[in-house]
Amino acid sequence: MNSDFKAVVVRENNGEVSHAIERITTEMLSEGNVMIKVAYSSVNYKDMLAVQTKGGVIRNYPMIPGIDLSGTVVSSENSKFKEGQNVIVTGFQTGMTHTGGYAEYVRVPAEWVVALPEGLSLRDAMVIGTAGFTAALSIMTLEAKGMSPDMNQEILVTGASGGVGSVAIQLLKKSGYKNVHALTRDESEIEQLLAIGASSVLLTHDVLPEKPKALEKQKFHYVLDVVGGEVASAILPQIYYGGSMSMCGNAGGIKFNSTVMPFILRGVSILGVDSVNFPSENRDAIWKRFANEWHIMSQAIVKDVVMENLDEVFENIKAGTHTGRHVLKIV
Ligand SMILES: NC(=O)c1ccc[n+]([C@@H]2O[C@H](COP(=O)([O-])OP(=O)(O)OC[C@H]3O[C@@H](n4cnc5c(N)ncnc54)[C@H](OP(=O)(O)O)[C@@H]3O)[C@@H](O)[C@H]2O)c1
């Protein structure tokens, strides 16, 4: 392996955070018993936050961001992984308190590593990344509450043009769901969302009521929410009796307003989704589904970037104008 190599490094100086591409050595990498040569990473909402001042993602500087990575094992002190094996790492502390995927090499604990399943390439794994993994967890969470392709239910996906939202629509379509409605703020996304499998596209300003009421006309049985804030507050009173909403994100704000009415009069449930600390022993099975019945690569909305043009992607995510997934090619 090279004695020095390329990485994005986030530094803090007098409370101001900045990032740059630097040449570093393995000394800068966090500890771990599996060393991986990184092939690809991806750009998630959280990676954008990681490079902001007071972004709330990185606690100790300097730090290498990148919450996702796929690559090849260089050395392993754990018998589960062997030199030359292709692997995936998403979540846990990667790119937060532990140096992450925006570097040519990463060193992580074996418990964070998943073997790349047959049928997925290293790039495919990063087209999915944390966003896709979270979309999958959200769907599984709603299915555990009765969502089923056999039931003709009305399903809404918020933040539809983003990473989690767009993959969720593709997975729902692939699973045979018929009435999948995409909610977006962006009229120019309508065609694309229909093309990836939405049966209809709703615009956010049409769905937000002028005067929010405790209960509205019932329109959706299941809601996969990635936006939070005003959007989630407005949708909750529109959920059918006995329906559920999964919540995984806060792109539209962390504050959420509700009365108790949807819960006590309609038996509606809110279900939290977390991909970061999702147990490692249950991850393999989900990645195998992406390689088989959830293989969505032919429809994926994806662009490739390199370290040198990451900033443009961060700006788009920050401005809420980002669409689909961005895969970061490391070398
Ligand atoms: N819980 C977990 O484990 C987990 C894992 C992954 C992601 N997340 C969270 O999920 C959210 C989405 O992540 P992502 O990677 O998919 O981000 P993303 O690609 O930037 O997508 C977010 C989408 O939300 C919508 N949006 C953005 N700003 C908005 C605003 N101010 N008001 C209303 N809608 C807005 C936009 O869709 P439209 O333009 O189509 O409306 C945007 O494309 C983030 O909050 C992220 O932190 C959580």
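# Exercises on a predicted model

T184 touches A160, S161, E189, L193, V201, L203 and T204, once residues up to four places away in sequence are left out. The model in which these contacts are found is a predicted one, and the exercises below work through it from T184 outwards.

## Exercise 1: T184 and the ligand

Task: state where T184 sits in the chain, decide whether T184 is buried or exposed, and place the ligand with respect to the domains.

Solution. Begin with the secondary structure, where T184 belongs to strand β9, residues 179–184. Next, count its surroundings: T184 has 24 C-beta neighbours inside 10 Å and therefore counts as buried, since the cut-off for a buried residue is 20 or more. For a sense of distance, the C-alpha atom of T184 is separated by 38 Å from that of P109, a residue 75 places away along the chain.

Then turn to the ligand, which has 33 residues around it, and among these G159, G162, T184, G249 and G252 come nearest. Sorted by class, this shell comprises 12 nonpolar, 16 polar and 5 charged residues. Helices α1 (45–50), α2 (122–143) and α3 (163–174) each contribute at least two residues to the shell. Finally, because both domain 1 (5–116 + 301–329) and domain 2 (131–272) give residues to the shell, the ligand lies between them.

## Exercise 2: The two domains and the nonpolar core

Task: find how far apart the centres of domain 1 and domain 2 are, and what the largest nonpolar core draws from each of them.

Solution. The domain assignment of the protein chain gives domain 1 as 5–116 + 301–329 and domain 2 as 131–272. Taken over C-alpha atoms, the centres of domain 1 and domain 2 are 29 Å apart. The contact between them involves 9 residues from domain 1 and 10 residues from domain 2. On the side of domain 1 that touches domain 2, the residues are 2 nonpolar, 6 polar and 1 charged.

The largest nonpolar core has 94 residues, and I36, V157, A168, I169 and L171 are those with the most contacts inside it. Helix α2 gives the largest share of this core, 10 residues, and at least three residues are drawn from each of domain 1 and domain 2. To see one of these core residues in its setting, take A168, which touches A135, S138, I139, V157 and L224 when residues up to four places away in sequence are not counted.

## Exercise 3: The two faces of helix α9

Task: explain why the buried residues of α9 line one face of the helix, and name what covers them.

Solution. In helix α9, residues 310–319, the buried residues are L310, F314 and I317. Seen down the axis of α9, the buried residues fall within an arc of 65°, so they line one face of the helix. The general rule behind this reading is that an α-helix has 3.6 residues a turn, so residues three or four places apart point the same way. The face turned away from the buried side of α9 carries the exposed residues D311, E312, E315 and A319. The cover over the buried residues of α9 includes β1 (5–13), β3 (34–43), α1, β14 (302–305) and β15 (325–329). Just after α9, G320 takes a positive phi of about 75°.

## Exercise 4: Backbone exceptions

Task: which peptide bond is cis, and are the non-glycine residues F92 and N152, each with a positive phi, buried or exposed?

Solution. The background is that most residues other than glycine have a negative phi, and most peptide bonds are trans. The bond from Y61 to P62 is cis, with omega near -10°, and P62 is placed in the loop between α1 and β4 (68–76). F92, although not a glycine, has a positive phi of about 50°; F92 is in the loop between β5 (86–90) and β6 (105–108), and its 20 C-beta neighbours inside 10 Å make F92 count as buried. N152, also not a glycine, has a positive phi of about 55°; N152 lies in the loop between α2 and β8 (154–157), and with 10 C-beta neighbours inside 10 Å it counts as exposed.

## Exercise 5: The setting of W287

Task: say which residues W287 is in contact with, leaving aside its neighbours within four places in sequence.

Solution. W287 is in helix α8, residues 283–291, and it counts as buried, with 22 C-beta neighbours inside 10 Å. Leaving aside neighbours within four places in sequence, W287 is in contact with I88, V114 and P117. The C-alpha atoms of W287 and V89 are separated by 11 Å, although these residues are 198 apart along the chain.

Terms used: Residues are numbered from 1 along each chain as its sequence is written. This is a predicted model: local features need pLDDT of at least 70, side-chain atom pairs count only at pLDDT 80 or more; totals for chains, interfaces and linings use all residues. A residue is near a molecule or strand if its C-beta atom, placed from the backbone, lies within 6 Å of it. Helices (H or I, at least four residues) and strands (E, at least two) are DSSP runs, numbered from the N terminus. Ala, Val, Leu, Ile, Met, Phe, Trp, Tyr, Cys and Pro count as nonpolar, Asp, Glu, Lys and Arg as charged, and the others, Gly among them, as polar. Domain bounds come from an automatic or database domain assignment. Two residues are in contact if their C-beta atoms, placed from the backbone, lie within 7 Å. A residue is buried if 20 or more other C-beta atoms lie within 10 Å of its own, exposed if 12 or fewer, and partly exposed in between; C-beta atoms are placed from the backbone. The arc is that of the directions from the helix axis to the C-beta atoms. A nonpolar core is a set of buried Ala, Val, Leu, Ile, Met, Phe, Trp, Tyr and Cys residues joined through C-beta atoms within 7 Å.
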